[in-house]
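Subject: Structure handover

Dear colleague,

I am passing on the structure below, together with an account of what was found in it. Please read the notes alongside the coordinates.

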Amino acid sequence: MELLETQDPEKRKLIETSDRHKRELEKEVKAISDKTEQVLKNAVIIGGALALTYFTISQLTKTRRKKAKDKNGESEEEEEDSESSVSAFISQLGDRVISQGSLILLDFAKDMLMEYLESRKTKDENS
């Protein structure tokens, strides 16, 4: 059956064209699925980072609630926003930023020292 199809040049040309279009469509579908997968991964990473940031900030800035009774005897919750709690939060945040910065700088200095020692070692071996 294939022998008859390949003998007719018109049919052979149409079959080749059909195969070429099929391959192109498969490439496009694969490209679209790869892009979609990448977008979903980015969305999950961004969502996770936002959630982690939210939970971290909410844990760091916990405010104390104080029950107060109004004139009708009903209790209401009021947030205590004193300057001491804000300054304590800023102090804690500053301490954490300083410690993280120090760790990064120490790691960088360690890498630079290792590179320097390696270069001296290779110079000594070459001499």
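A residue is called buried when its relative accessible area is under 20%, exposed when that area is over 50%, and partly exposed in between. Glu 24, with a relative accessibility of 38%, is therefore counted as partly exposed, and the other residues discussed here are sorted by the same rule.

Please keep in mind that this is a predicted model. The mean pLDDT of the protein is 78, and 76% of the residues reach 70 or more. Among the elements, helix H2, which covers residues 9–60, has the highest mean pLDDT, at 88, whereas strand S2, covering residues 75–79, has the lowest, at 50.

As to the overall architecture, the secondary structure consists of three helices and two strands, and read from the N terminus these elements follow one another in the order α-α-β-β-α. Of the 127 residues in the protein, buried ones make up 1%. The surface that the protein exposes comes to about 12100 Å², of which 59% is supplied by carbon and sulfur atoms.

The charged contacts come next. Side chains of opposite charge can pair when their charged atoms come close. The count of salt bridges in this model comes to four, and three of them are described here, with the distance from N to O given for each.

In the first pair to be described, the side chain of Glu 24 meets that of Arg 20 in a salt bridge at 3.9 Å; with a cut-off of 4 Å for such a contact, this pair falls within the limit. Glu 24 and Arg 20 lie four residues apart in helix H2, so about one helical turn separates them. Arg 20 has a relative accessibility of 40% and is therefore partly exposed, as is Glu 24 at 38%.

A further salt bridge joins the side chains of Asp 34 and Lys 30, at 3.5 Å from N to O. Here too the two residues are four apart in helix H2, which means that about one helical turn lies between Asp 34 and Lys 30. Asp 34 is partly exposed, its relative accessible area being 37%, while Lys 30, at 52%, is exposed.

The side chains of Lys 41 and Glu 37 form another salt bridge, with an N to O distance of 3.6 Å. Because Lys 41 and Glu 37 are four residues apart in helix H2, they are separated by about one helical turn. Lys 41 is partly exposed with a relative accessible area of 45%, and Glu 37 is likewise partly exposed at 42%.

Finally, which residues form a nonpolar patch on the surface? The patch is made up of Leu 113, Met 114, Tyr 116 and Leu 117, which together have about 420 Å² of accessible area. Of these, Met 114 has its place in helix H3, which spans residues 83–126, and with a relative accessible area of 47% Met 114 is partly exposed.

With kind regards

Technical notes
Residues are numbered from 1 along each chain as its sequence is written. This is a predicted model: local features need pLDDT of at least 70, side-chain atom pairs count only at pLDDT 80 or more; totals for chains, interfaces and linings use all residues. Side-chain values use heavy atoms; hydrogens and water are left out. Buried means under 20% relative accessible area, exposed over 50%, partly exposed in between (1.4 Å probe, protein chains only). Accessible areas come from the Shrake-Rupley method with a 1.4 Å probe; for residues, only the protein chains shown count as cover. pLDDT is the predictor's confidence in each residue, from 0 to 100. Patches are made of residues with over 30% relative accessible area and no salt bridge: like charges are joined within 9 Å, nonpolar side chains (Val, Leu, Ile, Met, Phe, Trp, Tyr) within 5 Å.
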